[in-house]
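Grab your viewer and let's work through a few packing exercises. Each comes with a solution in steps.

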Amino acid sequence: MHQRWLLGAAALGVVWGVAAIAFDIPVLVLDLLLHLGPTVAGVGALVALIGWRPAGPASFELRGETFVAPTNRRRTIETAAFVLVLTSQAALAIDRLDGGGGLLDGLLSLLFGLLAAALLARALLVPTTVELRAEGLRVPGRLHRIEVPWAAIRPGTPWAPRLRTQRLELFIGTSYLVRPPSERRSRLDVPIDVLDIHPWFLADAIRYYVAHPEHRASIGRPAELERLSRRLRDGGAPPALPAGPSAPVVRQATAPAAEQSTAAHRR
């Protein structure tokens, strides 16, 4: 769905931009709508997304032999809005500069287009999925993917993050390399604000497979996903333990009365 939204936004921006270049409507309101419609729609969508942090379901998608936490709708709409603004502003700049519409107008459109391009590049470089595999955790990126073996993750971590946070902290044993770039890290921050999954469920699932290597080979099977969900729903996640002196505060996966546990939150 994520790729279809991006392609659709790009196609809409190009078609609308070509129409804006080809037609000049004498009615001012209609002419403004023709030239600025996609930009207004894109900016309006970005404004509407402010403060929206969907928690996501307490489950994974199945893709081959992998449990996948996919991209959420917020990041999809946000990226599509950047694409729409970028393509429409590029067309508007071409129209203004080549059609004698004014150097200042053309430069403003170019400036807005460059800003949209910078924000789009930033959004595209942030990994938008997390994969649980039999070998370990994988975070695919646009330029490279990060792979962390299960044995490298410190037992008892990660703990359930606060809702609406942007990162899930993985604490890595000092004797392990994180690939790429094959370097030693004490911590890996996994982006979770872009994922369509409940962050507590993701933290509990990772902690569960760190503590139970006997179940890792079954990752990716529907029966294993059902068993894992049932196990975590019944409070079977290993307790979150301190990760070391750098982590003085530990948030347990078992929540207070109003938010009982990762999966119970989704009942």
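Two exercises follow, on helix packing and on the nonpolar core.

Before starting, note that this is a predicted model, where local features need pLDDT of at least 70, side-chain atom pairs count only at pLDDT 80 or more, and totals for chains, interfaces and linings use all residues. Residues are numbered from 1 along each chain as its sequence is written, and side-chain values use heavy atoms, leaving out hydrogens and water.

**Exercise 1.** Work out how helix α5 packs on helix α6.

Step 1: Take the axes (lines fitted to C-alpha atoms over the stretch in contact, with angles from 0 to 180 degrees between N-to-C directions). For α5 (residues 199-211) and α6 (residues 222-233), the angle is about 105° and the axes are 11 Å apart.

Step 2: Classify it; α5 is therefore roughly perpendicular to α6 (65 to 115 degrees).

Step 3: List the contacts (heavy atoms within 4.5 Å). On the α5 side you'll find F201, D204, A205, Y208 and Y209, facing E224, R227, L228, S229, R231 and L232 of α6.

**Exercise 2.** Find the largest nonpolar core and what feeds it.

Step 1: Apply the rule: buried (under 20% relative accessible area) Ala, Val, Leu, Ile, Met, Phe, Trp, Tyr and Cys residues joined through side-chain atoms within 4.5 Å. The largest such core has 34 residues, and F60, L132, L202 and I206 have the most contacts inside it.

Step 2: Look for the main supplier: α5 gives the most, with eight residues.

Step 3: Zoom in on I206, which touches L132, L137, W150, I153, P158, L168 and L170, leaving aside residues up to four places away in sequence.

Notes: Helix = DSSP H or I, 4+ residues; strand = E, 2+ residues; numbered from the N terminus. Parallel < 35°, antiparallel > 145°, perpendicular 65-115°, else oblique. Buried < 20%, exposed > 50% of the residue type's maximum accessible area, 1.4 Å probe, protein only.
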